Amino acid sequence: MKIFQLEVGMIGTNCYIVENEQTKHGVVIDPGDEGERIVSAIKKEGLTIDAIFITHGHSDHIMGLNEVRAATGAKVYISSADADCLGQAKANLSIYMMGKTAEFAPADVIYGDGDVVEAAGMKFKVLATPGHTKGGVCLQCDKVVFCGDTVFAESIGRTDLPGGSYDEIIQSIKSKILPLADDVQLLPGHGPATSVGWERRRNPFLQ
Ligand SMILES: [Zn+2]
C-alpha cells in the first residue's frame, strides 16, 4: 500500500490517494477541493480508481468530488447519516465554509459501522465515529486509519457544528480508535499524521 497525501482547498483538507502497488488500482479518500489537481495526481501515477470514500459530509471534504468522480467513474461511498449532505448545501455547510453553494449527486453506496469494503484489492473496515457529524466514519486498512475530522494530532474534531456532540466524539475515539494497537497510524482530515499510541498518551482531550 502506498499513500499519497494532497492538502487541498482553503481550509487545508487532506485528500488521500491509496494505491495498491501490485495492481496499480487505488481509492480516493475525501476529495476535499481542487478536483483537477487530484485527478492529475491519479493520472501521473497511472492509477485506476475503484472507489471514492467520504469520511463525512462537510463541504471541505467533498468540493472536488464531481471532478474526481467524472474522471474515474469510481463509486462514491458515504454513511447513511451524512448522505443528505451531498445533495443539500445547507447540510454540507458550503456557504458557511466555502462562501458558495455546492450540491452533489447522491452517493452510489451507503456504508456503515463494521462494513468491510473491498476496493482496489484492499480491505477497508468502516468504523462509525459520530461526534464531529452524525455520520462521520473512519476507515481502517491494515495498520492505517483514515480518520477524517474525528481525531487530529493532539486534538479532536470540532463539535459545535450541526450534528456535533462532544460526548459522542470522545466516546467514538475511546471505543473505536484507542483499542487499536499503539503503532497503528492515524491519517487525519487536517494536519499531520499521528499514531494511536501517541494520541493515547499525548492527546489532551483523551486523558
Ligand atoms: Zn468536517
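Buried means under 20% relative accessible area, exposed over 50% and partly exposed in between, with a 1.4 Å probe and protein chains only. The model is predicted, so local features need pLDDT of at least 70 and side-chain atom pairs count only at pLDDT 80 or more, while totals for chains, interfaces and linings use all residues. Residues are numbered from 1 along each chain as its sequence is written, and side-chain values use heavy atoms, with hydrogens and water left out.

**Exercise 1. State how many residues of E9 are buried, and place E9 in its sheet.**

Step 1. Strands (E, at least two residues) and helices (H or I, at least four) are DSSP runs, numbered from the N terminus. Five of the five residues of E9 are buried, so this strand is largely enclosed by the rest of the structure.

Step 2. Val137, Leu139 and Cys141 point one way from E9, and Cys138 and Gln140 point the other way.

Step 3. Two strands pair if DSSP finds at least two bridges between them. E9 belongs to an open, mixed sheet of six strands, ordered E7-E8-E9-E10-E13-E14. Its edge strands, E7 (116-119) and E14 (194-195), each pair on one side only.

Step 4. On one side, E8 and E9 are antiparallel over four bridges, and lysine 125 has glutamine 140 in E9 as its bridge partner. E9 and E10 are also antiparallel, joined by three bridges; here leucine 139 is partnered by phenylalanine 146 in E10.

Step 5. The hairpin of E9 and E10 has two residues between the strands, and aspartate 142 there takes a positive phi near 55 degrees.

**Exercise 2. Follow the sheet from E10 to E14 and give the sense of each pairing.**

Step 1. E10 and E13 are parallel, with four bridges. Glycine 148 stands opposite proline 188 in E13.

Step 2. E13 (residues 185-188) and E14 run antiparallel and are joined by two bridges. Glutamine 185 faces serine 195 in E14, and leucine 186 has threonine 194 as its bridge partner.

Step 3. Five residues lie between E13 and E14 in their hairpin, where glycine 191 in the turn has a positive phi of about 80 degrees.

**Exercise 3. Decide whether serine 172 is buried or exposed, and locate its helix against the sheet.**

Step 1. Serine 172 is in helix H6 (residues 166-177). Its relative accessibility is 4%, so serine 172 counts as buried.

Step 2. Contact means heavy atoms within 4.5 Å. Leaving aside residues up to four places away in sequence, serine 172 touches Thr129, Pro130 and Ile177.

Step 3. H6 lies across E8 (122-128), E9 (137-141), E10 (144-148) and E13, and runs at about 140 degrees to E8. Axes are lines fitted to C-alpha atoms, for helices over the stretch in contact, and angles run from 0 to 180 degrees between N-to-C directions.

**Exercise 4. Find which residues of helix H1 (residues 35-45) are buried, and what they pack against.**

Step 1. The buried residues of H1 are Gly35, Ile38, Val39 and Ile42. Seen down the helix axis, they fall within an arc of 100 degrees (taken from the directions from the axis to the C-beta atoms), so they line one face of H1.

Step 2. Glu36 and Lys44, on the other side of H1, are exposed.

Step 3. The buried residues pack against strands E1 (2-8), E2 (13-20), E3 (25-29) and E4 (48-53) and helix H2 (65-72).

Step 4. The axes of H1 and H2 are 7 Å apart, at an angle of about 35 degrees.
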